[in-house]
Amino acid sequence: MQFRRWQRTASRSTKPTDGISTLFISTTPASGEPVSDVPIAFKCRGTSVTRFPRVHGVIDGTHILIQSPNSNVGEEFRNRKGTFSINVQVVCNCKLVFLNVVARWPGSTHDATIFNHSDLKDYCEQGRLGNRWLLGDSGYPCTPYLLTPLLNPNTPSEQSYNEAHIKTRNTIERCIGVWKRRFPILSLKMRLKLENMQSIIIATAVLHNIARTMNLDEIEPEISIPETTQEENVIVNDNSPILNMSERQLLINNYFNV
């Protein structure tokens, strides 16, 4: 299948940046503390961002527009809005620093599919997040390590959980916005060879992390870039085992009980 061939090519294209990206994009805490030693809430510089406790990071997908690759694989890259793109999985922390970036999937790919085939999922399955969680929207299945919002909250506790979840998840939208404003190429249509696009996406993510770490001011783009809104995810028909959702329910009962 042509799509798979492109995946392998894209993976090879990251090799010049592999060493750098692992230094500046890391799932493990930069300070080296054990992931089980966690704050009580999603905090940044000692200030609670939201009520949500033990959040390691927030996950989402964002589309980077590209020109149609070619007639053989082009339709793989057509997203639900009808444009051609690469669907990039990103995870950030409360400081708007990327913890994970996956930039090798065509725009037609669902966010959950990208996560299910990522090293990040294996990392989570091995229990390496300790007692922390990732937060994602309803496009992801609810698991003991990836918490999603309730589709139909009924009780005050469930509504409180959803409100805190939404406020915390807004962090990834702000991070993506800052990233794309700093590097307008991510908001404009890329007209490059497929094998070069992933390297550029990863490189800009690394530079974004350096800028955030060094507290560099945001600079207004020299050109006008289109307003971008995060594409609403297709809701996963969650037939997960009860065990997968029990972590979420325990949190609602014990922490968001009002």
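Of the 258 residues of the protein chain, 49% count as buried. Keep that in mind as you open this predicted model, and let's take a walk through it together.

**Stop 1: the whole chain**

Begin with the cartoon view of everything. You can pick out 7 helices and 7 strands in the protein chain. Trace them from the N terminus and the order reads α-α-β-β-β-β-β-α-α-β-β-α-α-α. Now switch on the surface: the accessible area comes to about 13200 Å², and carbon and sulfur atoms hold 51% of that. How do the contacts spread along the sequence? Counting contacts in the protein chain with a separation of 6 or more, 71% are between residues 24 or more positions apart.

**Stop 2: the sheet**

Next, select the strands S3 to S7. They build an open sheet of 5 strands in the order S5-S4-S3-S6-S7, with mixed pairing. Which strands sit at the edges? They are S5 (98-106) and S7 (146-147), each of which pairs on one side only.

**Stop 3: strand S4 and its partners**

Select residues 85-92, which form strand S4. Is this strand mostly covered or mostly open? S4 is mostly covered, with 8 of its 8 residues buried. Show the side chains and look at where they point: Ser85, Asn87, Gln89 and Val91 face one way, while Ile86, Val88, Val90 and Cys92 face the other, and all are buried.

Now look at the pairing of S3 and S4, which is antiparallel and has 8 bridges. To find one spot in this pairing, select His63, which stands opposite Asn87 in S4. The strands S4 and S5 also run antiparallel, joined by 6 bridges. Click on Val90 and then on its bridge partner in S5, Val101. Do likewise with Val91, whose bridge partner in S5 is Asn100.

Follow the chain around the hairpin of S4 and S5, where 5 residues lie between the strands and Leu96 takes a positive phi near 65 degrees. Then colour S5 itself: 8 of its 9 residues are buried, so this strand is largely enclosed by the rest of the structure.

**Stop 4: one residue up close, Val88**

Zoom in on Val88, which has its place in strand S4. How buried is it? Val88 has a relative accessible area of 0%, so it counts as buried. Leaving out residues up to four places away in sequence, what does Val88 touch? Its contacts are Asp60, Gly61, Thr62, Ile64, Val101, Val102, Ala103, Trp179 and Ile201. If you like using the distance tool, try the C-alpha atoms of Val88 and His63: the two residues are 25 apart along the chain, and these atoms are separated by 6.1 Å.

**Stop 5: helix H5**

Select residues 156-182 to bring up helix H5, which lies across S3, S4, S5, S6 and S7 and runs at about 50 degrees to S3. Within H5, click on Arg174. Arg174 has a relative accessible area of 38%, so it is partly exposed. Now add Leu96 to your selection: Arg174 and Leu96 are 78 residues apart in sequence, yet their C-alpha atoms are 7.5 Å apart in space.

**Stop 6: helix H6 and the crossing**

Return to the strands for a moment and recall that S4 and S5 are joined by 6 bridges. Helix H6 (residues 194-213) packs on the sheet, where it touches S3, S4 and S5, and its direction makes about 165 degrees with that of S5. H6 has 20 residues and reaches 30 Å from its first C-alpha to its last, close to the 28 Å expected at 1.5 Å a residue. Several of its residues are buried, including Leu194, Met197, Ile201, Ala205 and His208. A general rule is handy while you look: an α-helix has 3.6 residues a turn, so residues three or four places apart point the same way.

Just after H6, stop at Asn215, which takes a positive phi of about 55 degrees.

For the last view, show H5 and H6 together. Their axes come within 10 Å and cross at roughly 105 degrees. That angle makes H5 roughly perpendicular to H6. Which residues make the contact? From H5 they are Cys175, Val178, Trp179 and Arg182, and from H6 they are Ile201, Thr204, Ala205, His208, Ala211 and Arg212. Two of these names should ring a bell: Trp179 and Ile201 are also among the residues that Val88 touches.

Notes. Residues are numbered from 1 along each chain as its sequence is written. This is a predicted model: local features need pLDDT of at least 70, side-chain atom pairs count only at pLDDT 80 or more; totals for chains, interfaces and linings use all residues. Side-chain values use heavy atoms; hydrogens and water are left out. Two strands pair if DSSP finds at least two bridges between them. Helices (H or I, at least four residues) and strands (E, at least two) are DSSP runs, numbered from the N terminus. Contact means heavy atoms within 4.5 Å. Axes are lines fitted to C-alpha atoms, for helices over the stretch in contact, and angles run from 0 to 180 degrees between N-to-C directions. Buried means under 20% relative accessible area, exposed over 50%, partly exposed in between (1.4 Å probe, protein chains only). Accessible areas come from the Shrake-Rupley method with a 1.4 Å probe; for residues, only the protein chains shown count as cover. The expected span of a helix is 1.5 Å times one less than its number of residues. Angles under 35 degrees count as roughly parallel, over 145 as roughly antiparallel, 65 to 115 as roughly perpendicular and the rest as oblique.
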